[in-house]
Structures are given as structure tokens and as C-alpha cells.
Amino acid sequence: MSAGPLAAEIQVTDPYARAVPAGQRNSAAFMVLSNHSGEDRALVAAESPVAETVELHTHVMADGMMQMRRIERIDIPAGGTATLAPGGLHIMLIGLGQPLDPGTDIDLELRFDDGETLDLEVPVRRIEMGQMHRSGTAH
């Protein structure tokens, strides 16, 4: 998979996946995406061998309750950032084939709107539930 010139234009900072015990079928990955180019970019897909399905998600308030919603893209403005964090934008890992233990890494491929990809090794971390409501969303 090619990282191509995009690797210099899109920088990934502090990637991590939420640790989950055996039997838990879903998790999520988070990071900050910085766009150092002069053109708007977007994350349009992701894949990981640890999950059957990988989707881009956000949280929205609906009928007084916070709900996750699948989205088609995460925009990364020219010269700006997109923050993927608990309680906001995130990459959903659905149908896990293994537990995600703290201190291990998972492979994650990011695909962008221009067809370029970035391959990441993402550390697995424990996230306390209280953190899920205090974190920010896209900037």
C-alpha cells in the first residue's frame, strides 16, 4: 500500500484504539489528523485485520440522547486538523476477532478522498468511561 506524497501532507498524531476484553465485539480508534497541504482533504474509509467491519462515526444529539451515527467522510481542512476522540468523531471497529489488550498494537489503514492510503500501527489503551464525555470533536 502506498503512502505516497500524502504522508507528508496528512500527519497522524497520537493514534490509539480503545482496549476491550475478550467477548467485546466492538471498539474504536482515535487520533488527530493534520492537513499540511493547501487543499481540503477527507478521510473516507479505514480497514483493520482485527475487525470484520470498519466505519467512520460521529456522535450526535437525537431526541435528548447521544447516539453514534455512521458518516461517509471526516473532513480535514487545508492547514487544519480533525480530532477523532471519545464522544466525537472516531473510527469504529466492528466484529472484533480478538481482544484488544492494553500495550498491544493493531494495524489500521486509512484511505483518503484522493485514493492515497496511510498504514498505521496503533497502540491499544484503556479508556475510562468518564473520558468519553469530556473529549472534544472536530476542529
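Two strands are said to pair here if DSSP finds at least two bridges between them. With that in hand, let us walk through this predicted model, beginning with the overall plan and then following one strand outward to its neighbours.

The chain has 139 residues, and 44% of them count as buried. Its secondary structure comes to 1 helix and 10 strands, and along the sequence the helix comes before the strands, in the pattern α-β-β-β-β-β-β-β-β-β-β. Contacts often reach far along the chain: among those between residues at least 6 apart in sequence, 68% join residues at least 24 apart. On the outside, the chain exposes about 7,200 Å², and carbon and sulfur atoms supply 49% of that area.

A good place to start looking is β2. Of its 10 residues, 8 are buried, so this strand is largely enclosed by the rest of the structure. Three pairings of β2 can be followed in turn. With strand β7 (residues 81-84), β2 pairs in the antiparallel sense over 4 bridges; here S34 stands opposite T81. With strand β8 (residues 90-96), β2 also forms an antiparallel pairing, again over 4 bridges, and A29 is found opposite I91. Finally, 6 bridges join β2 to β1, and these two strands run antiparallel as well.

The pairing of β1 and β2 brings us to a pair of rings. Y16 has F30 as its bridge partner in β2. The structure holds 1 aromatic pair. The ring centres of Y16 and F30 are 5.2 Å apart and the planes meet at 40°, so the pair is tilted. This pair links distant parts of the chain, since Y16 belongs to strand β1 (residues 10-18) and F30 to strand β2 (residues 26-35), 14 residues apart. Both Y16 and F30 are buried.

Now return to I91, the residue across from A29. Which residues touch the most other members of the largest nonpolar core? They are I91, L108 and L110, in a core of 30 residues. In soluble globular proteins, nonpolar side chains tend to be buried together. Beyond its close sequence neighbours, I91 is in contact with residues from several stretches of the chain, among them A28, A29 and M31, then L43, V54 and L84, and also L108 and L110.

Another buried residue worth finding is V124, in strand β10 (residues 117-125). Its relative accessible area is 4%, which is under the 20% that marks a buried residue. Leaving aside neighbours within four places in sequence, V124 is in contact with residues including A17, R18 and A19, as well as L100, P102 and I106. The C-alpha atoms of V124 and A28 are separated by 9.9 Å, although the two residues are 96 apart along the chain.

Two aspartates round off the tour with their backbone angles. Most residues other than glycine have a negative phi, and most peptide bonds are trans. Yet D14 has a positive phi, near 50°, and D63 has a positive phi near 55°. Where do they sit, in a strand or in a loop? D14 is in strand β1, whereas D63 lies in the loop between β4 (51-62) and β5 (65-70). D14 counts as partly exposed, at 40% relative accessibility, while D63 is exposed, with a relative accessible area of 78%.

Methods. Residues are numbered from 1 along each chain as its sequence is written. This is a predicted model: local features need pLDDT of at least 70, side-chain atom pairs count only at pLDDT 80 or more; totals for chains, interfaces and linings use all residues. Side-chain values use heavy atoms; hydrogens and water are left out. Rings of Phe, Tyr and Trp (its six-membered ring) pair if their centres lie within 6.5 Å; planes under 30 degrees apart count as stacked, over 60 as edge-to-face and the rest as tilted. Buried means under 20% relative accessible area, exposed over 50%, partly exposed in between (1.4 Å probe, protein chains only). Contact means heavy atoms within 4.5 Å. A nonpolar core is a set of buried Ala, Val, Leu, Ile, Met, Phe, Trp, Tyr and Cys residues joined through side-chain atoms within 4.5 Å. Accessible areas come from the Shrake-Rupley method with a 1.4 Å probe; for residues, only the protein chains shown count as cover.
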